[in-house]
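Visitor: I am new to reading structures, and I would like to take a close look at one small part of this one. Could you guide me slowly through the place that a database record marks for binding?

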Amino acid sequence: MDGGVRVSTSEIPVPEPHQGEPRSIVLIGPMGSGKSTVGAALARRLARPHVDSDHFFVARHGPIADFFRGHGEQAFRAEEERLVAELLDAPRPSVISLGGGSVLSAATRERLRPHLVVMLDLTVEQALPRLGDGSSRPMLGGDPAARWAETYAAREPLYRQSADIVLDPADGTIEQRVDTIVAQLDRGRRARSDD
Ligand SMILES: Nc1ncnc2c1ncn2[C@@H]1O[C@H](COP(=O)(O)OP(=O)(O)O)[C@@H](O)[C@H]1O
Ligand SMILES: O=C(O)C1=C[C@@H](OP(=O)(O)O)[C@@H](O)[C@H](O)C1
Ligand SMILES: [Mg+2]
């Protein structure tokens with residue numbers, strides 16, 4: 001026994017959003033940009049629940065690489081769209097980390113509208129050391145550098161059109177990324193209210 005008080009996330013009271021405020025903070029961006037790790041740290045900082053669409057997927061279907069092998073990318077995208085809809089439509093304001101390809105779905109992009117959407121940007125040079133051999137990310141199969149650059153080029157316009165806040169590629173720790181997001185949250189809200 002360490003005598004410390006343990007509070008599960010579900011017991012932390014989550015403030016209701018003010019009227020007209022976006023509900024959840026949603027992180028989008030390319031593979032390796034930190035959506036999962038920065039999302040978890042941001043949620044801790046804001047005392048909000050954190051959900052990650054890929055973790056949700058794995059809990060239901062097992063490893064993503066196995067699912068790609070067995071069913072192909074199209075089936076993955078269909079199931080991803082369905083699970084992401086569950087997360088984005090949930091009433092509780094959370095921090096939600098999406099998989100890098102979620103924005104390929106027009107339905108998902110539409111569902112992002114009521115939320116505050118943050119794009120984490122990244123260069124290929126920054127991404128590569130973070131992705132290891134890419135084996136857990138089937139989109140990187142064969143040549144991770146080439147595949148990452150290819151998917152980034154195809155998706156960049158979708159990330160940018162969906163985002164309220166874009167965090168430029170930057171070196172810096174996970175907590176520094178969280179600092180930058182927190183500092184920009186109000187600016188993001190104001191930008192939306194000017195839409
Ligand atoms: N700002 C950062 N600085 C250093 N390493 C980072 C940073 N953000 C993420 N990472 C590391 O990069 C790897 C990929 O991060 P992850 O959160 O899984 O990215 P994504 O979910 O966008 O694919 C992880 O090992 C993570 O710890
Ligand atoms: O960009 C993609 O198409 C994918 C990104 C992955 O998530 P991360 O962006 O969190 O690595 C995961 O959803 C899957 O391997 C497909
Ligand atoms: Mg992730």
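Guide: What follows moves from the whole chain to the marked site, and then to two of its residues. Please keep in mind throughout that this is a predicted model.

To begin with the whole, the protein chain has 195 residues, of which 32% count as buried, and it contains seven helices and five strands. If you follow the sequence from its start, these elements come in the pattern β-α-β-α-α-β-α-β-α-α-β-α. Among contacts in the chain with a separation of 6 or more, 76% are between residues 24 or more positions apart.

Now to the part you asked about. An unreviewed UniProt entry lists Gly32, Ser33, Gly34, Lys35, Ser36, Thr37 and Arg137 under "binding site". Two of these, Lys35 and Ser36, deserve a slower look.

Lys35 lies in helix α1, which covers residues 35-46, and the place of Ser36 is in helix α1 as well. Lys35 counts as buried because 26 other C-beta atoms lie within 10 Å of its own, and 20 or more are enough for that label. Ser36, by contrast, has 18 other C-beta atoms within 10 Å and is therefore partly exposed, since that label covers the counts between 12 or fewer, which is exposed, and 20 or more, which is buried.

The contacts of the two residues can be read in a similar way, leaving aside residues up to four places away in sequence. On that basis Lys35 touches Leu27, Ile28, Gly29, Ser97, Leu98 and Leu120, while Ser36 touches Asp52, Asp54 and Ser97. Ser97 thus appears in the list for Lys35 and in the list for Ser36.

Finally, consider the surroundings of ligand 2. The residues around ligand 2 include Lys35, Ser36 and Arg137, each of which is also listed in the "binding site" record from UniProt. Asp54, a contact of Ser36, belongs to the shell around ligand 2 too, and others there are Met31, Ile64, Gly99, Gly100, Gly101, Pro138, Met139 and Thr151. Sorted by class, this shell has four nonpolar, five polar and three charged residues.

Definitions and conventions: Residues are numbered from 1 along each chain as its sequence is written. Chains are lettered from A and ligands numbered from 1 in the order in which they are written. This is a predicted model: local features need pLDDT of at least 70, side-chain atom pairs count only at pLDDT 80 or more; totals for chains, interfaces and linings use all residues. UniProt positions are given in the numbering used here, feature names are shortened, and annotations may be inferred rather than shown by experiment. Helices (H or I, at least four residues) and strands (E, at least two) are DSSP runs, numbered from the N terminus. Two residues are in contact if their C-beta atoms, placed from the backbone, lie within 7 Å. A residue is near a molecule or strand if its C-beta atom, placed from the backbone, lies within 6 Å of it. Ala, Val, Leu, Ile, Met, Phe, Trp, Tyr, Cys and Pro count as nonpolar, Asp, Glu, Lys and Arg as charged, and the others, Gly among them, as polar.
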